[in-house]
Amino acid sequence: MRIGVVTFPGSLDDVDAARAVRLAGGEVVPLWHADAELPAVDAVVLPGGFSYGDYLRAGAIAARQPLMRAVVDRAHAGMPVLGICNGFQVLCEAGLLPGALTRNSHLHFRNRDQALRVERADTAWTSSYAQGQTITVPVKNGEGRYVAADADLDRIEGEGRVVVRYAGGNPNGSSRDIAGVTSADGRVVGLMPHPEHAVEELTGPSVDGLGFFTSVLQGALSA
Amino acid sequence: MPRVVVDVVLKPEISDPQGQAVLGALGRLGHRGVTGVRQGKHFVLDVEGTPDEAELREIAENLLANPVIEDVELHLSGD
């Protein structure tokens with residue numbers, strides 16, 4: 001399975017994301033933000049970092065780059081897309097996911113290992129987990145507070161769009177402890193914590209993050 | 001050259017921790033009369049020819065502001 005990993009100017013975690021894809025058994029296709037065409041890939045990962053220096057709003061300018069228009073079109077046709085941290089911000093700005101990410105309520109950058117409860121184990125990126133399972137992966141952000149109007153939050157919850165929720169403390173003041181959400185079809189997932197940093201015992205707090213990448217590979221095999 | 005101003009501010013129901021931090025600082029400086037602060041963004045656009053309101057509104061609503069969380073005000077006269 002060929003998984004594209006996009007590099008924007010200011011991406012930081014594209015190399016780690018590519019490494020996680022390889023460890024899960026996938027083939028990595030490096031993608032560049034300015035490309036107009038999306039090559040033949042089966043899924044795309046948007047990595048963490050500070051694309052365009054977070055100018056205007058985090059993810060705002062990256063979401064409007066040529067390659068993202070192609071990613072949005074393919075996502076509407078069912079291609080799985082995973083956005084991690086800045087990648088989640090890009091997906092919200094691109095309109096593929098509901099809500100928005102804003103400055104942390106305490107105004108501090110927060111960097112720690114974070115417990116998450118898996119609320120949906122039936123998306124393209126979380127089928128390797130069990131519903132209700134608790135996993136631990138790093139979280140690191142300054143603008144990770146998930147927000148939406150109350151009526152929109154009720155709709156997001158009612159439609160079962162919350163994929164992962166913070167457990168054991170909310171690191172950034174996110175509404176209703178929401179750490180990640182999915183599209184209506186379960187193919188596009190975005191989350192602020194970093195599963196790609198928890199794929200090896202040597203460098204991560206656990207290997208709990210690998211499941212995001214094995215999920216999409218298994219989904220392709222069974223499809 | 002015509003000048004167009006776009007003001008962007010978080011919707012009232014979205015909490016604004018930066019504005020609250022400014023309010024806290026005002027209190028510490030003794031400015032007790034200020035009871036609320038909302039922080040926003042102010043864009044000044046220089047436009048060639050006669051400003052096209054529809055196009056400027058699209059720019060304001062689709063790029064300068066995120067309509068999910070922000071309200072936007074367009075000032076075509078540039079004030």
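Salt bridges make a good way into this predicted model: the structure holds 21 of them over all chains. Five residues, R57(A), R64(A), E93(A), K41(B) and E70(B), are joined in a network of such bridges. Helix α3 of chain A comes up again and again below, with E93(A) in a salt bridge, F88(A) in an aromatic pair and the helix itself contributing to the lining of the largest pocket.

**Salt bridges and their network**

- R64(A) and E93(A) meet through their side chains in a salt bridge, with 3.2 Å from N to O.
- That pair ties together parts 29 residues apart in sequence, because R64(A) sits in the loop between β3 (43-46) and α2 (66-76) of chain A while E93(A) belongs to helix α3 of chain A.
- How accessible are the two partners? R64(A) is partly exposed at a relative accessible area of 27%, whereas E93(A) counts as buried at 12%.
- In chain B, the side chains of E70(B) and K41(B) form a salt bridge of 3.8 Å, N to O.
- E70(B) lies in strand β3 (residues 70-75) of chain B and K41(B) in strand β2 of chain B, so this bridge, too, connects parts that are 29 residues apart in sequence.
- E70(B) is buried, with a relative accessible area of 9%, while K41(B) is partly exposed at 30%.
- R64(A), E93(A), K41(B) and E70(B) all belong to the network, and R57(A) is linked into it as well.
- Another salt bridge is made by the side chains of R117(A) and E119(A), at 3.1 Å from N to O.
- R117(A) counts as partly exposed, with 32% relative accessibility.

**The largest pocket**

- The largest pocket offers about 440 Å³ of space.
- Its lining is made of 26 residues, and those closest to the centre are R57(A), E143(A), Q18(B), K41(B) and E70(B).
- Which elements give two or more residues to this lining? In chain A they are α3 and β5 (100-102), and in chain B they are β1 (3-10), α1 (17-28) and β2 (40-46).
- It is worth setting this beside the salt-bridge network: R57(A), K41(B) and E70(B) are among the residues closest to the pocket centre, and R57(A), K41(B) and E70(B) are also members of the network.

**Helix α3 of chain A**

- Eight of the eight residues of α3(A) are buried, so the helix is largely enclosed by the rest of the structure.
- The buried residues are N86(A), G87(A), F88(A), Q89(A), V90(A), L91(A), C92(A) and E93(A).
- L91(A), in helix α3 of chain A, is buried with a relative accessible area of 0%.
- If you would like a distance to check in the viewer, the C-alpha atoms of L91(A) and G142(A) are separated by 17 Å, and these residues are 51 apart along the chain.
- Just after α3(A), G95(A) takes a positive phi of about 80°.

**Aromatic pairs**

- Over all chains, a search of the whole structure finds two aromatic pairs.
- One of them is F88(A) with Y146(A), a stacked pair with 6.0 Å centre to centre and 10° between the planes.
- The rings link distant parts of the chain: F88(A) is in helix α3 (residues 86-93) of chain A, Y146(A) is in strand β8 (residues 145-147) of chain A, and they are 58 residues apart.
- Are these rings' residues buried or exposed? Both F88(A) and Y146(A) are buried.

**The loop between β3 and α2 of chain A**

- Y52(A) is found in this loop, and its phi is positive, about 50°, although Y52(A) is not a glycine.
- L56(A) has its place in the loop between β3 and α2 as well, again with a positive phi, here of about 70°, although L56(A) is not a glycine.
- R64(A), the partner of E93(A) described above, is also in the loop between β3 and α2 of chain A.

**A nonpolar patch on the surface**

- L12(A), F50(A) and F109(A) make a nonpolar surface patch of about 300 Å².
- L12(A) is found in the loop between β1 (2-7) and α1 (14-24) of chain A.
- With a relative accessible area of 52%, L12(A) is exposed.

Definitions and conventions
Residues numbered from 1 in each chain as written. Chains lettered and ligands numbered in written order. Heavy atoms only, no water. Phe/Tyr/Trp six-rings, centres within 6.5 Å; stacked < 30°, edge-to-face > 60°. Helix = DSSP H or I, 4+ residues; strand = E, 2+ residues; numbered from the N terminus. Buried < 20%, exposed > 50% of the residue type's maximum accessible area, 1.4 Å probe, protein only. Patch = residues over 30% accessible without salt bridge, like charges linked within 9 Å, V, L, I, M, F, W, Y side chains within 5 Å. Areas by Shrake-Rupley, 256 points an atom, 1.4 Å probe, with all protein chains shown as cover. Salt bridge = Lys/Arg side-chain N within 4 Å of Asp/Glu carboxyl O. 1 Å grid on protein atoms, 1.4 Å probe; cavity = no way out; pocket = protein on both sides within 12 Å on 5 of 7 lines; lining within 4 Å. Points joined across faces, edges and corners; volume = space filled by probe spheres on them.
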